[in-house]
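Dear colleague,

Please find the structure we discussed below. My notes on it come after.

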Amino acid sequence: FNVVFFSFSSGNFYFCSQIITEQSIIMKKVIFSLLVLLSAFATTASAQLPSVILKDINGNAVKTDTLSNNGKPFIIDFFATWCKPCNRELNAISEVYQDWVDETGVKIYAVSIDQGQNVNKVKPLVDEYGWTYDVLIDANSEFKRALGVQMIPYVLICDGDGKIVYKHNGYTEGAENELIEKVRELVAAKK
């Protein structure tokens, strides 16, 4: 691009031409995008939970900004009944959950993003697998959107003050070990 500037000052006419290359425009866009991402990460790395009202598995209202665990870390795990990796992750955690609770006092909130008629499948799924987590229903995806969750399974770890300190997307076998290590770090740091 060739940008031309004209200026008239004190009876003199000035002409200025500046060549702006596509590369410099792209570089400016890249730098701007990185700054936006960094500022978003800095604000969400230890952000508080947004205030959204969900229902628990029994239909009781639960305000998300009041989720807590008596000063101990807690995990929020977004899932859906139709999401096989989500179910594998929650099943894998279920096998060691009581050990985690005994060791660290951690609590898990499993948040279903099922909508419509699929909401009716959540409780039977939880009962079938014997999950002992606190299960919440985000039927309108308000909580999911407020946290910027794009894909599931999606896991957040909050410290004892309710601040988000860790985020993880997706599931591969053994990934639950990374979660408990992060929780152990939080518990050790608090001592």
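What follows covers the sheet first and then the helices that pack on it.

Please bear in mind that this is a predicted model.

The sheet is open and has seven strands, in the order E4-E3-E7-E6-E5-E8-E9, with mixed pairing. Strand E4 (61-63) and strand E9 (164-169) are at the edges; each has a single partner strand, so one side of each is left without a neighbour in the sheet. On average, neighbouring strands are turned by 30° against each other, direction ignored.

Within the sheet, strand E5 (residues 74-79) and strand E8 (residues 154-158) run antiparallel and are joined by five bridges. Ile75 has Ile157 in E8 as its bridge partner.

Helix H2 (residues 84-104) packs on the sheet, where it touches E5, strand E6 (107-112) and E8. The direction of H2 makes about 155° with that of E5. With 21 residues, H2 reaches 28 Å from first C-alpha to last, close to the 30 Å expected at 1.5 Å a residue. H2 nevertheless has a kink of about 55°, centred on Val96. After H2 comes Gly105, with a positive phi near 80°.

Which residues of H2 are buried? They are Cys86, Asn87, Glu89, Leu90, Ala92, Ile93, Tyr97, Trp100 and Thr104. Their cover includes E5, E6, E8, H3 and helix H5 (175-190).

Helix H3 (residues 122-129) also lies across part of the sheet, namely E5, E6 and strand E7 (134-137). H3 runs at about 160° to E7.

Regards

Conventions:
Residues numbered from 1 in each chain as written. Predicted model: local features only at pLDDT ≥ 70, side-chain atom pairs only at ≥ 80, totals over all residues. Heavy atoms only, no water. Pairing = 2+ DSSP bridges. Helix = DSSP H or I, 4+ residues; strand = E, 2+ residues; numbered from the N terminus. Axes fitted to C-alpha atoms, helices over the stretch in contact; angles between N-to-C directions. Contact = heavy atoms within 4.5 Å. Expected span 1.5 Å × (residues − 1). Bend = angle between axes of the 7 residues up to and from the residue. Buried < 20%, exposed > 50% of the residue type's maximum accessible area, 1.4 Å probe, protein only.
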